[in-house]
Amino acid sequence: MAAETAREGRDAHEGGLRKVARVVLLDPGDRILLLHGHEPDDPADDWWFTPGGGVEGDETREEAARRELAEETGITDVELGPVLWRRRCSFPFAGRRWDQDEWYYLARTTQTTTEAAGLTELERRSVVGARWWTCEELSRARETVYPTRLAGLLRTLLDEGPPAGPVTLDTEIV
């Protein structure tokens with residue numbers, strides 16, 4: 001736990017917001033990789049989310065995106081693309097409130113096997129797997145997925161390609 005606390009302390013903040021880089025990782029079949037997580041002490045309180053996490057020290061968001069992807073999935077062979085979306089969010093997790101400024105990067109890979117070998121202690125208690133989803137599977141999902149409009153955002157991305165510049169998503173407060 002001390003390592004997790006130290007790492008949280010190194011996360012870069014801007015105006016009280018935790019700077020976060022997330023990855024919309026697509027495989028050759030345009031499936032998106034999502035991680036399955038839950039409250040550390042309540043596995044029934046679960047959701048799916050894109051890989052990513054806080055910027056550490058003086059790293060760039062791009063560096064954070066690559067590092068987090070490698071730590072959470074073991075996938076390092078990626079073509080990192082543009083920032084698709086930006087979102088501010090606030091949510092309770094593990095006994096505290098997280099206020100984040102998230103940037104979602106498009107990335108593509110041919111590597112579809114995952115191994116979460118670099119998880120922090122908190123992540124080991126709360127991340128229980130990963131799954132590749134088709135856009136149709138995601139649109140039919142009954143599970144909670146963040147960001148909440150991900151199925152529609154993915155459909156637009158696949159139909160129209162990346163936006164000319166980052167799209168600002170609605171703020172989500174849970």
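**Figure 1. D45 sits in strand β4 of this predicted model.** The strand covers residues 42-49. With a relative accessibility of 36%, D45 counts as partly exposed. Leave out the residues up to four places away in sequence, and D45 touches G37, H38 and E39. Now look for R61, which is 16 residues along the chain from D45. The C-alpha atoms of that pair are separated by 29 Å.

**Figure 2. F49 belongs to strand β4 too.** Is F49 buried or exposed? Its relative accessible area is 14%, and buried means under 20%, so F49 is buried. Setting aside residues up to four places away in sequence, F49 touches R22, L34, L35, H36, G37, V127 and Y146. T134 is a useful landmark for finding your way around this view: F49 and T134 are 85 residues apart in sequence. In space, their C-alpha atoms are 14 Å apart.

**Figure 3. T50 lies in the loop between β4 and β5.** Strand β5 spans residues 52-54. How accessible is T50? Its relative accessibility is 0%, so T50 counts as buried. Which residues does T50 touch, if we skip those up to four places away in sequence? They are R22, V23, L33, L34, Y104, Y146 and L150. You may recognise some of these names from the view of F49, since F49 touches R22, L34 and Y146, among others.

**Figure 4. P40 is found in the loop between β3 and β4.** P40 is buried, with a relative accessible area of 12%. Beyond its neighbours within four places in sequence, P40 is in contact with F93, A94, L122, R125 and S126. Look out for E123 as well: P40 and E123 are 83 residues apart in sequence, yet 8.4 Å apart in space, going from C-alpha to C-alpha.

**Figure 5. A94 has a positive phi, though it isn't a glycine.** The angle is near 55°. For context, most residues other than glycine have a negative phi. A94 lies in the loop between β6 and β7. On either side of this loop, β6 takes in residues 78-93 and β7 takes in residues 96-109. The relative accessible area of A94 is 33%, so this residue is partly exposed. A94 also turned up in the previous view, as one of the residues in contact with P40.

**Figure 6. D30 is another non-glycine residue with a positive phi.** Here the value is about 60°. Where is D30? It lies in the loop between β2, which runs over residues 17-26, and β3, which runs over residues 32-39. D30 counts as partly exposed, at 27% relative accessibility.

**Figure 7. A cis peptide bond joins Y146 and P147.** Omega is about 0° at this bond. As a general point, most peptide bonds are trans. P147 has its place in the loop between β9 and α5. Strand β9 is made up of residues 145-146, and helix α5 of residues 150-160. We've met Y146 before: it is among the residues that F49 touches, and T50 touches it as well.

**Figure 8. R67 lies in helix α2.** The helix runs from residue 61 to residue 73. At 17% relative accessibility, and with buried meaning under 20%, R67 counts as buried. What does the side chain of R67 reach? It comes to the backbone oxygen of G54, at 2.8 Å.

**Figure 9. Step back to the whole protein, with its 5 helices and 11 strands.** Its radius of gyration is 15 Å, close to the 16 Å that the globule rule gives for 174 residues, so the protein is as compact as a globular protein of that length. Along the principal axes, its C-alpha atoms fill a box of roughly 45 × 35 × 30 Å. Buried residues make up 47% of the chain's 174 residues. Among contacts with a separation of 6 or more, 72% come from residues 24 or more positions apart. The protein exposes about 8700 Å², with carbon and sulfur atoms supplying 48% of that area. As for charge, there are 22 positive and 34 negative ones, and the mean positions of the two sets are 2 Å apart.

Note on methods
Residues are numbered from 1 along each chain as its sequence is written. This is a predicted model: local features need pLDDT of at least 70, side-chain atom pairs count only at pLDDT 80 or more; totals for chains, interfaces and linings use all residues. Side-chain values use heavy atoms; hydrogens and water are left out. Helices (H or I, at least four residues) and strands (E, at least two) are DSSP runs, numbered from the N terminus. Buried means under 20% relative accessible area, exposed over 50%, partly exposed in between (1.4 Å probe, protein chains only). A polar contact is a pair of N or O atoms within 3.5 Å; within protein, one must be able to donate a hydrogen and the other to accept it, and residues adjacent in sequence count only if both atoms are side-chain atoms. The radius of gyration is taken over C-alpha atoms; the globule rule is 2.2 Å times the number of residues to the power 0.38. Contact means heavy atoms within 4.5 Å. Accessible areas come from the Shrake-Rupley method with a 1.4 Å probe; for residues, only the protein chains shown count as cover. Lys and Arg count as positive and Asp and Glu as negative; His and the chain ends are not counted. The place of a charge is taken as NZ of Lys, CZ of Arg, CG of Asp or CD of Glu.
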